[in-house]
Amino acid sequence: MIISEIFYGVKCNRCGETCEEEYAFWSDEGSAIDNAMESEWMEDKGKHYCTNCYDFDEETEERTAKPDFPEHVKNLRKFFEKMIIGSERNTTEGDNHFTVSKSLYKRQKLETFEENYIKEMLGDKFISLECKKHERYTQFYCYVMVAR
Ligand SMILES: [Zn+2]
């Protein structure tokens, strides 16, 4: 017989990552939040931020949530999530750019029309697009660098 239960997890309000330290899902909200806090997540006005999504001031020990991703970065992330088959998506950020990456399922590069779509969507924010084998895994990943 099949039964269904409700489980609780904590998802980063900024990047969408789920807190998977120890367990990703808990049977009550409090345990899910406690676990995220023990994993150095930050809570602010009912929102939760993973360790990549806030700045930490060493002197004051204060945590400040980073500003939301710009619209064009959100669009690129959405495109990767919905249109490109692959298990993993990641966003890293530098002072002047973001790199959004996505694992590719059973292929080594994007189709030309997909590359063109990305370039057109990003316009003058587009910096570079590269598909290459992951350093450690056998899969290929696509990396798109965009200006802030
Ligand atoms: Zn995050």
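Helices and strands are here DSSP runs, of at least four residues for a helix and at least two for a strand, numbered from the N terminus. On that footing, the chain of this predicted model contains 3 helices and 8 strands. Read from the N terminus, these elements follow the order α-β-β-β-β-α-β-β-α-β-β. The C-alpha trace extends over about 55 × 45 × 30 Å along its principal axes. Of the 148 residues in the chain, 20% are buried. Where contacts join residues at least 6 apart in sequence, 43% of them link residues at least 24 apart.

A good place to begin the tour is the open sheet, which is built from 4 strands in the order β5-β6-β8-β7 with antiparallel pairing. Its edges are formed by β5 (89-93) and β7, each of which pairs on one side only. From one strand to the next, the twist averages 15°. At the β7 edge, the antiparallel pairing with strand β8 (residues 140-147) runs over 7 bridges.

Ser128 offers a closer look at this edge. The residue belongs to strand β7, which covers residues 126-133, and stands opposite Met145 in β8. Ser128 counts as exposed because 10 C-beta neighbours lie inside 10 Å, and the cut-off for an exposed residue is 12 or fewer. Cys53 is 75 residues away from Ser128 along the chain, and the C-alpha atoms of the two are separated by 24 Å.

Two helices lie across the strands of this sheet. Helix α2, residues 71-83, lies across β5, β6 (97-104) and β8, and its direction makes an angle of about 5° with β6. Helix α3, residues 112-122, lies across β7 and β8 and runs at about 150° to β7.

Helix α2 rewards a little more attention. Its 13 residues, at 1.5 Å a residue, should span 18 Å, and this agrees with the 18 Å between its end C-alpha atoms. Which residues of α2 are buried? They are Val73, Leu76, Arg77 and Phe80. Seen down the axis of α2, these buried residues fall within an arc of 100°, so they line one face of the helix. A general feature of helices helps to picture this: an α-helix has 3.6 residues a turn, so residues three or four places apart point the same way. The other side of α2 carries the exposed residues Glu71, Lys78, Lys82 and Met83. Over the buried residues of α2, the cover includes β5, β6, α3 and β8.

The nonpolar interior brings several of these elements together. The largest nonpolar core has 14 residues, and those with the most contacts inside it are Val73, Leu76, Val100, Cys142, Val144 and Val146. Two or more residues of this core come from each of α2, β6, α3 and β8. Strand β8 gives the largest share, with 4 residues. Val144 illustrates how the parts meet: leaving aside residues up to four places away in sequence, Val144 touches Leu76, Thr99, Val100, Ile118 and Leu129. Apart from this core lies another, of 10 residues, whose members include Cys19, Trp41, Met42 and Tyr49.

Notes. Residues are numbered from 1 along each chain as its sequence is written. This is a predicted model: local features need pLDDT of at least 70, side-chain atom pairs count only at pLDDT 80 or more; totals for chains, interfaces and linings use all residues. Two residues are in contact if their C-beta atoms, placed from the backbone, lie within 7 Å. Two strands pair if DSSP finds at least two bridges between them. Axes are lines fitted to C-alpha atoms, for helices over the stretch in contact, and angles run from 0 to 180 degrees between N-to-C directions. The expected span of a helix is 1.5 Å times one less than its number of residues. The arc is that of the directions from the helix axis to the C-beta atoms. A nonpolar core is a set of buried Ala, Val, Leu, Ile, Met, Phe, Trp, Tyr and Cys residues joined through C-beta atoms within 7 Å.
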